[in-house]
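Q: I have a structure open in front of me and would like to learn how to read its features. Could you take me through them?

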Amino acid sequence: MHGELAALDQAARAAWESATDSAAQDAWRQQYLNKKKGVLAPFFASMRDRAPEERKQFGQELNQLLQAWGTLAGGSRASEKIEATDWKTDPTLPIYPTPNGSLHPLTIVRRRIENIFLDLGFEIARGTHVENEFFNFEALNIPGHHPAREMQDTFYVDLPASDDGRWLLRTHTSPVQIHYMQSHEPPIRMIAPGRVFRSDHDATHSPMFQQVEGLWIEENVSFAHLKGVLRLFMSRLFKRSVQVRLRPSYFPFTEPSAEVDISCFVCDGAGCQTCSRSGWIEVLGCGMVHPEVIKAGGLDPDKHTGLAFGLGVERLAMLLFGIRDIRHFYRGSVEFLEQFRHEVER
Amino acid sequence: MNAIHSWLCEILGHQDLTAQQMGDILTARGIEVEGIDSIHARLQDLCAAEVISAEPAERGQWLQIKASDKKYSVFCTDKTVQAGETVLYAPPGAQTALGSVSVRTFGERNSEGVLLSEFEAGLGGNAEGVCRVDAGTALQDRWQQDWILDIGITPNRGDALSHLGLARELESVDVFEGRKPALERSTRSGSVFALAKLPADAARATVQIASDTCRTYGLLEAEIGTVDADALAKVQYRIGLSGQRAIHPIADLTNYLLFEIGQPCHAFDAGRLETIVIRDSQTEEVFTALDGKEYKLVPESCVIECNGSIGALAGVIGGLDSSSTAESTCIGLEVAWFDPIQVRKARTPLGLNTDSSYRFEREIDSDMATFSLQRLGALYQDVLGAKLTGMTVASNPAPAKAAIPFNLQACNSFLGTNVSSEDAARAFLSLGCALDRSHDTWQVTSPTWRPDLAIEPDLYEEIARVVGYDIIPDQLPFLTFDVQGRLEDVTGIAEDLLTESGFHEIVSYDFYSRKDDQWFQAGKQVELQNPLGKDFAIMRRSLLPGLLHAASYNLNRQAPAVALFESGRVYWQENGKPCEQQQLAFLVASQKDAGHWNRQNNDPDWMAAAAVVETILHRFRLEPVRSKGVCTELAGKDQDQLCWMVEDSIVARLYEVPARIGKGFQLRCQAWYAWLDVDAMRQLRKDAAITRASEPSQFPSAERDLALLVPASCQAGAVLALARAQAATMVEDITVFDHYQGKNLGDDIFSLGLRFTFRATDRSLSSDEVDGEIARLYHALEKAFKVRVREGSVIHGETA
């Protein structure tokens, strides 16, 4: 060993013997184990000035000395720390945080809906959010100056009108039906999830919300098929067997039209707060596609019949997860969102 | 609309159905009963109070009242209330038709509750002053029990906007189930409604229809006699519960007719009435309506011209000068059929929406003018002691009503049912349809009050409605499937990668404020014509503001850091046409250390954010080239951004949120924002071909490090890319283990340390092979980029 290093080694070992309390031992560690500020610092600093051949050997001696002193003192502070916090010492200490990201509850429900219909052979279609009057209204059998236009308060967009009327934010996903029929041959089975916009804003209405549209066009599709598809869908969505009740209603684009109620999945129809004690929960609107709509899609209503339905994702998510205020969906509160981190839906 | 149980029972001629049963039947028939309220429920929180004293005050008086042995001080705007009277009182906390009653302050005094008019209490139509009650008579005796059904009527069922229409629907159940032979009582039978014998003489005022939009116009003239107070009270009670306050007896009866049989009616003051012309308006005619406001009419609106000036906007509202008043003694009662579209076109631009226009727009019965005049005549005779003096009915030719063909087999196939021909025939009969069954395809003529029945599927719906949607079976389809299955969705996979990396997904509105939009310059923004408010005025050009709002919301609530993402559209316009793009964006921001006991300062940096971007891109087998550029989407000072390019398309961008923008959202810490062009990724993604596995090598690997001095004009990525491109198959991997640029090297050069891993699948590589490949690659790099080996690196036995 280099002479100077040998002398230091002797001094260090003597000093360790006399350091009997923890404070003195800590001071010793600072003096002898700290490469940058301890007694070895000048030696490490001198490395760059030494000849290459000497540098290698001197470096090895320095490292051996440091290692020996570390062993003498029962390990460096770093190794002490590892030992003190090793899982064998206290396995209950928190580990590094695990990622706890979450999908939005609306995405979870939308995906659940999509997956059920994909399993039934439906395809996913998408349309633009900015539509024109023809596709949003006329093609869906809602002519101008028809009271049905009042059913959906519309946002109009400040752009020059096209040949197909004024530009607007689609008030429902139903325009996708027309686009899809115009570009596909029957049999058609598609769902169209997406955002829609209506001029309405309070605790139960949002000016933007999500819908999923469903369309099945084929020869001999019947109202009974509509009922069967919806019962299957609802049972899979709520993960239990549910009763489906159809009530006559009116939508300009379907004939006959129906509102769909399901037996309350909380009380099984006995009556509870969720179902307003009626035993039934209204979940969606549906019907057989109106012949004028089939025509607007470029198909022959004498040959093909079809069923269609549209449901609100927010409403289903509120029912499924027991969410009372629709505004929670759009605030971006992590406290709210992280509740759904265990809901997996791919 | 509101329907009154006792009124429906009166029209039906029996009391066999409770309000709840009526509600269930109507709902099952598609006329949704949204709620049922009762008179006694409305009385529950009210009580009779004796007025002890009255003290005049500005705009009213202060009353001391006594109710249930307690005294209250109440402010009342009705100055006619006197001490000693007993009045209808709602104490604080009471729930009334007006809402919850609370203690309110007038001047410096508290008013403990309110005194109500009959209309305010939801007990009748009288809105004139406080409701007086008899002392000593229980309120439940003063107002007998009755039920109000709150009914939602769909736009196709204008016929159901009256008690007559609802009664028809209820009665049709009895007809279908065979308890009654046909619709009788609830139609136009004199046994249900008192009907007047109409005068043989023509009305004194002449009537001329000069507009195609008016099919029928009837005018009944009458002289008003003595009011029957009890009969008037019943009228006011019913219109009040229907939602209309009493105005004066002449007007109240027109409203009564509207709610009873669905025929809108207007009463002119006939004393001055000489001529009536129904015509289309000229350009910008001005009209003063009953509400006292002046309206500039849309050209070609149908108007009722009285004595040469506009007396009413047809189907919408009467005129101020021509309408009857409480003092009128000679009146002209108008019933008509106006075109639904015309009424809507005329009233929409004026912002008018009346009970009459609401019904005309939903198309009223086209054949009820005479019936309506008979009923009106009887009402005015019975309630106001009127003498009917003349009547004129003018009409345009009505379009012929075509029968609708109906094929029962097609109907059963369409519905998936097995309805018998007898049931189908009885269903049509119960709805008032005329039926011709002489051929296989029946001919069905709908009643005049059901103009919504126009095509064969309308009849299918009627069959389903009458037999009941419940009898339709649910049938599971036999479906065929596309064997190829679906391509995994880009957005869904990327969303999953982000959540697994600790990100929370948010959903923000697709529109934002002008203030949020000020930071962006890419594309011309799309504005809304009728936004809900300034916060929703513009379609967003970036997902950044939504993420910043959410980040700020959470950081201001003491979250140490946030990692958020959103998948959504952005909008702009090109050549006056709307454009949309699907983006996936994320934002990371940290304002303080999360405080883990064994780790400090886990701040996100650009490299962590970039790694997230590349994880997503690699998932779709995209091999992007990274480059630096200027962020073109942000307005103002230039902002550097990191770009990922695939085949000349920028698929992703990352930049640090400029402090000036962060401050605009109350964000005061460093934040990184990235967005991916999902549409481009969908186009560029490689087909998800099934992976072909190769046998892992059984032989050991070898490593070599090569430290290069690279001219600063070169980029590390280019050196690495060339090395990878030129490498022989034995080179398993090349990584960068060191990058240094500093004073020892000078400004025009940087040091790049490359680590090569070598491995062959069929043998152990010799040192010569490995060193030879290193030398070959070095020379290739040297030639391409003029790199040099850094001091100490060894090239195939040579020390640099």
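A: Gladly, and we can start with exposure: a residue is buried under 20% relative accessible area, exposed over 50%, and partly exposed in between, using a 1.4 Å probe and protein chains only. Asp489(B), with a relative accessible area of 25%, is therefore partly exposed. Keep in mind that this is a predicted model, where local features need pLDDT of at least 70, side-chain atom pairs count only at pLDDT 80 or more, and totals for chains, interfaces and linings use all residues. Residues are numbered from 1 along each chain as its sequence is written, chains are lettered from A and ligands numbered from 1 in the order in which they are written, and side-chain values use heavy atoms, with hydrogens and water left out.

Q: Which residue forms a salt bridge with Asp489(B)?
A: Side chains of opposite charge can pair when their charged atoms come close. The rule for a salt bridge is a side-chain nitrogen of Lys or Arg within 4 Å of a carboxyl oxygen of Asp or Glu. Here the partner of Asp489(B) is Arg682(B), at 3.4 Å from N to O. This pair links distant parts of the chain, 193 residues apart: Arg682(B) sits in helix H19 (residues 678-684) of chain B, and Asp489(B) in the loop between helix H13 (456-467) and helix H14 (490-500). Helices (H or I, at least four residues) and strands (E, at least two) are DSSP runs, numbered from the N terminus. Arg682(B) is also partly exposed, at 30%.

Q: Where do Arg13(A) and Asp9(A) lie?
A: Both are in helix H1 (residues 3-18) of chain A, four residues apart, or about one turn of the helix. Their side chains meet in a salt bridge of 3.0 Å, N to O. Arg13(A) is partly exposed at 34%, whereas Asp9(A) is buried at 15%.

Q: Is Arg359(B) buried or exposed?
A: Arg359(B) is buried, at 3% relative accessibility. Its salt-bridge partner is Asp355(B), with the closest N and O atoms 3.9 Å apart. Asp355(B) is partly exposed, with a relative accessible area of 34%. The two are four residues apart in helix H9 (residues 355-361) of chain B, so about one helical turn separates them.

Q: How many salt bridges are there over all chains?
A: The count is 60. Some join into a network, which links Arg29(B), Arg157(B), Asp159(B), Glu169(B), Arg450(B), Asp452(B), Glu462(B) and Arg465(B).

Q: How many residues of chain B are in contact with chain A?
A: Contact means heavy atoms within 4.5 Å. By that rule, 82 residues of chain B touch 88 residues of chain A. Six salt bridges cross this interface. In one salt bridge, Asp496(B) meets Arg111(A) at 2.9 Å, N to O. Strand S30 (residues 561-574) of chain B gives the most to the side of chain B that touches chain A, with eight residues.

Q: Which strands stand at the edges of the open sheet in chain B?
A: Strands of a sheet pair through backbone hydrogen bonds, either parallel or antiparallel. Two strands count as paired if DSSP finds at least two bridges between them. Four strands of chain B form an open sheet in the order S37-S38-S36-S39, with antiparallel pairing. Strand S37 (731-740) and strand S39 (788-789) are at the edges; each has a single partner strand, so one side of each is left without a neighbour in the sheet. S37(B) pairs with strand S38 (residues 749-758) of chain B over eight bridges, in the antiparallel sense.
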